[in-house]
Amino acid sequence: MKILISGICGFAGSTLARGLAEAGGHEVMGFDNFIRPGSETNRAGLRGLGIRVFHGDLRATSDLDNLPAADWVIDAAANPSVLAGVDGRSTSRQIVEHNLGGTVNLLEYCKRHRAGFILLSTSRVYSITALAGL
């Protein structure tokens, strides 16, 4: 089975990729845009496990068009900060482009390749007010 992981060099994506590769029986590959600190650090370790890592941005449909076909896609790419869009470091538009538009682009990839899809949630599902009150 071929598994494609978006955000493969992030925390969630790289952890999943390592686990799947170590379990065996799957061809694991993925892509990342490498904009987050630490993403580049995970690349060599993943490649050492035989995982193909591509540079690509899920917001750019042309980047997804160049990826090989997969049987399953695990969407681990997102702007995960609960304060994203309200902390002055990113905008609400960036949240929508990454977390909504990127997911739509991946769903189109899945439709084209007849692949299954797993969406990982982000911390964004929690209320900012409730978190700030903790």
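Start with the contacts of the whole protein chain: among those between residues at least 6 apart in sequence, 70% join residues at least 24 apart. The model on screen is predicted.

Keep the whole chain selected and colour it by secondary structure. Five helices and five strands appear, and along the sequence they follow the pattern β-α-β-α-β-α-β-α-β-α. Of the 134 residues, 37% count as buried. Switch on the surface: the accessible area comes to about 7600 Å², and 57% of that belongs to carbon and sulfur atoms.

Next, select residues 39-48, which make up helix α2. Which residues of α2 are buried? They are Ser39, Asn42, Arg43 and Leu46. Turn the view to look down the axis of α2: the buried residues fall within an arc of 120 degrees, so they line one face of the helix. An α-helix has 3.6 residues a turn, so residues three or four places apart point the same way.

Now add α1 (11-23), β2 (27-32) and β3 (52-55) to the selection; the buried residues of α2 pack against these elements. On the face of α2 turned away from its buried side, pick out Thr41, Ala44 and Gly48, which are exposed.

Move on to Gly50, which follows α2. The phi of Gly50 is positive, near 85 degrees.

For the last stop, go to Met1, in the segment before β1 (2-6). Select Trp72 and Ile118 along with Met1: these residues form a nonpolar patch on the surface. Together they have about 290 Å² of accessible area.

Terms used
Residues are numbered from 1 along each chain as its sequence is written. This is a predicted model: local features need pLDDT of at least 70, side-chain atom pairs count only at pLDDT 80 or more; totals for chains, interfaces and linings use all residues. Side-chain values use heavy atoms; hydrogens and water are left out. Patches are made of residues with over 30% relative accessible area and no salt bridge: like charges are joined within 9 Å, nonpolar side chains (Val, Leu, Ile, Met, Phe, Trp, Tyr) within 5 Å. Accessible areas come from the Shrake-Rupley method with a 1.4 Å probe; for residues, only the protein chains shown count as cover. A salt bridge is a side-chain nitrogen of Lys or Arg within 4 Å of a carboxyl oxygen of Asp or Glu. Helices (H or I, at least four residues) and strands (E, at least two) are DSSP runs, numbered from the N terminus. Buried means under 20% relative accessible area, exposed over 50%, partly exposed in between (1.4 Å probe, protein chains only). Contact means heavy atoms within 4.5 Å. The arc is that of the directions from the helix axis to the C-beta atoms.
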